[in-house]
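Work through the exercises below with the model open beside you. Try each task before reading its solution.

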Amino acid sequence: MFLNIKVKKTFSRFLIEVRIANACKLLFQDDFNASECCYSCGYNNLSNFHKHFKSVTGMTPLEFRKNMLNTAN
């Protein structure tokens with residue numbers, strides 16, 4: 001059975017969002033720093049990772065981690 005859903009995203013944007021979601025999980029659950037998350041999620045360039053992370057989440061990886069730690073406590 002095929003699922004027929006029209007999504008207004010390019011494949012590239014979808015892939016970016018999947019990678020950043022994985023990076024968020026690593027930053028929150030594991031003791032990974034931003035560069036370790038970058039390379040673990042398939043990025044080869046830390047600058048590009050930061051740009052995409054901010055475009056998806058609205059914050060840098062460090063701001064994300066601090067925000068998650070503050071809300072967890």
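**Exercise 1. A histidine and its neighbours**

Task: find which residues His52 touches, leaving out those up to four places away in sequence.

Solution. Outside that window, His52 is in contact with Ile16, Ile20 and Tyr43. Bear in mind that this is a predicted model. Next, place the residue: His52 belongs to helix H3. Then classify it. The relative accessibility of His52 is 14%. The cut-off for buried is under 20%, so His52 counts as buried.

**Exercise 2. The overall fold**

Task: state how many helices and strands the chain has, and in what order the elements run.

Solution. Count first: the chain has four helices and zero strands. From the N terminus the order is therefore written α-α-α-α, with helices as defined by DSSP runs. Now turn to burial. The chain has 73 residues, and 22% of them count as buried. The exposed area of the chain is about 5600 Å². Carbon and sulfur atoms supply 57% of that area. Last, look at the contacts. Take those between residues at least 6 apart in sequence: 45% of them join residues at least 24 apart.

**Exercise 3. The aromatic cluster**

Task: work out how many aromatic pairs the whole structure holds, and classify the pair formed by Tyr43 and Phe49.

Solution. The search of the whole structure returns three aromatic pairs. Start with Tyr43 and Phe49. Their ring centres are 5.4 Å apart, and their planes meet at 65 degrees. Planes over 60 degrees apart count as edge-to-face, so this pair of Tyr43 and Phe49 is edge-to-face.

Go on to Phe49 and Phe53. Here the centre-to-centre distance is 5.7 Å and the angle between the planes is 55 degrees. This pair is tilted. Why are Phe49 and Phe53 separated by about one helical turn? They are four residues apart in helix H3, which covers residues 46–57.

Check burial next. Tyr43 has a relative accessible area of 4%, so it is buried. Phe49 has 0%, so it is buried too. Phe53 is also buried.

Now join the pairs. Ring pairs connect Tyr43, Phe49, Phe53 and Phe64 into a cluster. One more partner belongs in the picture of Tyr43: Arg19 lies over the face of this ring, 5.4 Å from its centre.

**Exercise 4. Salt bridges around Glu17**

Task: identify the salt-bridge partners of Glu17 and decide how they are linked.

Solution. Begin with the principle. Side chains of opposite charge can pair when their charged atoms come close. The count for this model is two salt bridges. In one, the side chains of Glu17 and Lys9 meet at 2.6 Å, N to O. In the other, Glu17 meets Arg13 at 3.3 Å, N to O. Glu17 and Arg13 both sit in helix H1, four residues apart, about one turn of the helix. Shared partners join Lys9, Arg13 and Glu17 into one network.

Finish with accessibility. Glu17 has 24% relative accessibility, so it counts as partly exposed. Lys9 is partly exposed at 43%. Arg13 is partly exposed at 29%.

**Exercise 5. A nonpolar surface patch**

Task: name the residues that form the nonpolar patch on the surface, and give their accessible area together.

Solution. The members are Phe11, Phe14, Leu15 and Val18. Together they have about 390 Å² of accessible area. Take Phe11 as the example. Phe11 lies in helix H1, residues 11–29. Its relative accessible area is 62%. Exposed means over 50%, so Phe11 is exposed.

**Exercise 6. Sequence distance and space**

Task: compare how far apart Glu36 and Ala23 are in sequence and in space.

Solution. In sequence, 13 residues separate the positions of Glu36 and Ala23. In space, their C-alpha atoms are 9.3 Å apart. Glu36 lies in helix H2, residues 34–40. Its relative accessibility is 37%, so Glu36 counts as partly exposed.

Notes. Residues numbered from 1 in each chain as written. Predicted model: local features only at pLDDT ≥ 70, side-chain atom pairs only at ≥ 80, totals over all residues. Heavy atoms only, no water. Helix = DSSP H or I, 4+ residues; strand = E, 2+ residues; numbered from the N terminus. Buried < 20%, exposed > 50% of the residue type's maximum accessible area, 1.4 Å probe, protein only. Contact = heavy atoms within 4.5 Å. Areas by Shrake-Rupley, 256 points an atom, 1.4 Å probe, with all protein chains shown as cover. Phe/Tyr/Trp six-rings, centres within 6.5 Å; stacked < 30°, edge-to-face > 60°. Lys NZ or Arg CZ within 6 Å of the ring centre and 35° of its normal. Patch = residues over 30% accessible without salt bridge, like charges linked within 9 Å, V, L, I, M, F, W, Y side chains within 5 Å. Salt bridge = Lys/Arg side-chain N within 4 Å of Asp/Glu carboxyl O.
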